[in-house]
Amino acid sequence: MASVGKILRRTFLIGSAAVVGGVAFGAYYVSRPAPNPLQPQEGEAALNPFVLIDQQGITLFAPRAEMGQGVMTTWAALIAEELDVELEQVRVLHGPAAAAYYNSALLGEGLPNKGYDISDFQHNLGEALGVFGKVLNLQITGGSTSMRDGFERMREAGATARETLKQAAANRLSIARDQLRTENGAVIAPDGTRIPYTDLAVAAGQIDPPEVALRDPSDWRLLGKSLPRVDMVGKATGTAEYGIDVRPEGSKFASVRTNPKLGGEMKSFDASDAESMPGVEKIVDLGDGVAVVASNTWLAMQAVEAINVDWGDAPYPPETDGLFDAIGAAFEGKANSTMRDDGDVGTMPEGATEVTAEYRLPYLAHATMEPMNATAIFTGKTLELWTGNQAPTVIRSKVAKVANLDPEMVTVHTPYMGGGFGRRLEYDYAVIATKVAMALPNVPVQVTWSREEDMRHDFYRPGAMARMRGAVKDGKALLLDGQISAQSVLYQAMTRMGAPAGGPDKILVEGAFNQPYAIPNYRIRGYIADLAVPVGSWRSVGNSFNGFFHDTFLDEMAHAAGRDPLEFRLELMKSEHAPSAGCLEAVREMSGWTGKTPDGVGRGVGFTYSFGTPVAQVIEVVDEDGTIRISKAWIACDMGLALDPGTVEAQMVGGMIYGLSAACFGEVTFADGEVEQYNFPDYDAIRIHNVPETEVRILETNRHMGGAGEPGTPPSMPALGNALFDLTGQRARSLPLSHSFDLLV
Amino acid sequence: MPTSLTINGTAHNIDLPDEVPLLWVLRDEVGLTGTKFGCGVAACGACTVQIDGEAVRSCQVALSDVWGEVTTIEGLGAPEAMAKIQQAWVDHQVAQCGYCQSGQIMQAAALLAENPSPSDAEIDEAMQGNLCRCGTYPRIRAAIHSAAGKLKEA
């Protein structure tokens, strides 16, 4: 077995280690020997595997959280492509929380460029900055980064394992490695003899991995094709295990209430009624809330509702109007960022028509199908936690602190998630489960939130406002000057991570400052409203509001200029970013766009460049006896390389529907400091009867790989608003649309 | 006094208060976790099971009110022996997060038992109580049509 010292001296990113009966291939924590900015602590030098082969078979690790986006399958396919195994023959596991599973692509997103204009140098710089992901231990699933992050590294992991296994076979047969080939989980000798990887695993554990070259994409068997997802049979048979399904032996069931005036204190509580209710075993004072442990989740929910609690006030204006007053007032302060300032927006071009508009978008909940929950067992010395999450290393450090344990004594399991959408980047549910488990040492406790608790204790998409000013002349855009105000998701997230928050917040203006339009006078400024409403990443984050602001305003400018809105955008885009223009041209062709629609039919186009992927959408609405139905949608995207087109198509359609749900119905409002929405009847979404018939085209001309999970969401909202304008002549400047249009519900 | 229930063909004696919803009997007492908790107010359909073949929201049926044999997703078919409708879900790669799909499949199975070739409008009518936040509806519709075809061949 490789010693720790030997591991640290290695220069390979991908190393090997002997394990009982086999071998593991994977990444070492900060594996390069010099310059090494960190002193690895004890235990952190361990290898975290991507491939593990023993007598039982082959296991691939996909340490990115499966919340529906198909990451587990595509991540495993990256390894399997080079390893020469079939996905049906291997196990795919998420694996533990570990520093070596850091996300190198995510922090590359922090660079102050627009993304679409990125040069190869900047691209490499982004990759280099990505190393900070390793230093900060960020094992995160988010930012639509998984494929960009895993694309090189996972193919290297597979190739390294393959060549090491071949070397083991070469040693056994006393022939050169290059005389061997691999296929279907076995090394094939020149005479056709098959030696299964499992038979070579022990010997491979003693071999230093050779340096390997990656295969040419023209030789790929799996990548670039739509593969059956490894989680599909489990999800069709009810056997896939989500966090809420974890049942360690002897489990108890709990439910929780914390202050609905979010962030307010708990002054006192009286649980005397709850104590005597059926099945109740323990009342737990969480300090900022209360939990009931019972023999059954439903009994726990009934009892926790029966507790009388005196809650303190919310640390923010208690009514929705007050919150938006503060968001509006932030425009009067200093801009937090001016991330685009081209030309001179201070001078109105002579003879130009000025266009102005104000927009306002609501706070939104994530409303994952699986309500928040976590299961924990605390022994006094160790803590074991099972919970769907997008950031296991963050969870581990946070719960370790709560339990007063060394992080090494905490095990985080990441089962399937019933939706994430950014909600599972937080760790509140894990902290609550830890506190409850600490009150019942040695007993596994599952803490499940009611839907109402989940809906009313989210980290919301912030409410946001925009003031837009533009100028058009002779059918062209000459000036666009946008101001955006909202709470800072980034600042709050940094603060929760214990990092100092400050500086320009790129996320606040993403989807506005970085759009590929050649407008000569072009400025985007962001303003931070300092409010304490909990806010977080909601599928596409800043793009979720800026996509609407920016693209709706372009539509208004096109109409003011007397131009077809699609052609108006296309003309501004062609010289700026060809892949983006390609997406617009694709939806023009797919939808048979003519710029004209018959009576009773409206069409709108929407476009947002986000997470490295341009997405254009055309949405069609029809008036059916006074009720408006979203009838059709066409989507074109270009993420450069679509590793699994079936999954990309699903993400594009799903991302659009998530956005349309918000655009039509989504709204979180506040009264007396409390969220007024409790459950799906107050916070509905698109369902099967009002979903549009949708066609997707995936283009692959972009030079850099973009994301898939989020970019489908931002353009859906303006596309629908623009279609409603085409149908009714009424411009949607706020959402949800159900307030101002008679939509099919 | 324990309540006796037949679930997926097996008799169970359940020692829980009468008002506990069937959902929580299945999940926390019997250990059949394929049936999911989504909202608790019959607004999402994640908890859909069948009682005597009828699709019901198990979060709204009290233990003492269960009037017949209960079938859950686990009783419809197992990974190695899937029902045709489950196979159609796999063929069309329907699930994303998958959390709502047990309920979607139980609802769709009840629809097909009653109506072997549903139109799009009939699918809309039967399935609109089943929420999917991932937006898998187009593939759900395709899988139902395809399962209808396969069931007719059989």
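Begin by selecting Asp638(A) in this predicted model. Its bridge partner is Leu699(A), which lies in strand E28 of chain A. Now extend the selection to the two strands around this pair. Strand E25 covers residues 627-638 of chain A, and E28(A) covers residues 693-699. The two strands pair in the parallel sense, over 7 bridges.

**The hairpin beside it**

Keep E25(A) selected and add strand E24, residues 613-624 of chain A. These two strands run antiparallel and are joined by 10 bridges. To see one position across the pair, pick Val615(A), which stands opposite Cys637(A) in E25(A). Then follow the chain to the turn. E24(A) and E25(A) form a hairpin, with 2 residues between them. One residue to click in the turn is Asp625(A), where phi is positive, at about 55°. In general, strands of a sheet pair through backbone hydrogen bonds, and the pairing is either parallel or antiparallel.

**A sheet of 5 strands**

Next select E14, E22, E21, E20 and E15 of chain A, which make up an open sheet in that order. The pairing in this sheet is mixed. Which strands lie at the edges? They are E14(A), residues 337-342, and E15(A), residues 353-361, each pairing on one side only. From one strand to the next, the twist averages 10°.

Within this sheet, look at E20(A), residues 464-473, and E21(A), residues 476-486. They pair in the antiparallel sense over 10 bridges. Select Met465(A) and look across to its bridge partner, Ser485(A), in E21(A).

**A loop after an edge strand**

Go back to E15(A) and move into the loop between it and strand E16 (373-378) of chain A, where Ala367(A) is located. Is Ala367(A) buried or exposed? It counts as buried because it has 29 C-beta neighbours inside 10 Å, and the cut-off for a buried residue is 20 or more. The backbone is also worth checking here: phi of Ala367(A) is near 50°, a positive value in a residue other than glycine. For comparison, most residues other than glycine have a negative phi, and most peptide bonds are trans.

**A cis peptide bond**

For a peptide bond that is cis, select Leu735(A) and Pro736(A); the bond from the former to the latter has omega near 5°. Pro736(A) is in the segment after helix H21 (716-728) of chain A.

**One helix and its buried face**

Select helix H7, residues 197-204 of chain A. Its buried residues are Tyr197(A), Leu200(A), Ala201(A) and Ala204(A). Turn the view to look down the axis of H7(A): the buried residues fall within an arc of 130°, so they line one face of the helix.

**An annotated span**

Colour residues 237-315 of chain A. An unreviewed UniProt entry places the feature "domain: Aldehyde oxidase/xanthine dehydrogenase a/b hammerhead" on this span. The span is 16% helix and 35% strand, and its end C-alpha atoms lie 45 Å apart.

**Chain A as a whole**

Zoom out to show the whole of chain A. It holds 21 helices and 28 strands, and 59% of its 745 residues count as buried. Among its contacts between residues at least 6 apart in sequence, 78% join residues at least 24 apart.

**Where chain B touches chain A**

Show both chains. The contact takes 52 residues from chain A and 51 residues from chain B. On the chain B side, the elements that give two or more residues include helix H1 (22-30), helix H4 (101-114) and helix H6 (137-153). The largest share of this side, 4 residues, comes from H6(B). By type, the residues of the chain B side divide into 29 nonpolar, 16 polar and 6 charged.

**Two stops in chain B**

Select Leu22(B), in helix H1 of chain B. Leu22(B) is buried, with 27 other C-beta atoms within 10 Å. Leaving aside neighbours within four places in sequence, Leu22(B) is in contact with Ser58(B), Val61(B), Leu63(B), Val66(B) and Val70(B).

End at Asn8(B), in the loop between strand E1 (3-7) and strand E2 (10-14) of chain B. Asn8(B) is not a glycine, yet its phi is positive, at about 50°. It counts as partly exposed because it has 17 C-beta neighbours inside 10 Å.

Terms used:
Residues numbered from 1 in each chain as written. Chains lettered and ligands numbered in written order. Predicted model: local features only at pLDDT ≥ 70, side-chain atom pairs only at ≥ 80, totals over all residues. Buried ≥ 20, exposed ≤ 12 C-beta atoms within 10 Å, placed from the backbone. Arc of directions from axis to C-beta. UniProt positions renumbered as here; feature names shortened; annotations may be inferred. Contact = placed C-beta atoms within 7 Å. Nonpolar A, V, L, I, M, F, W, Y, C, P; charged D, E, K, R; others polar. Pairing = 2+ DSSP bridges. Axes fitted to C-alpha atoms, helices over the stretch in contact; angles between N-to-C directions.
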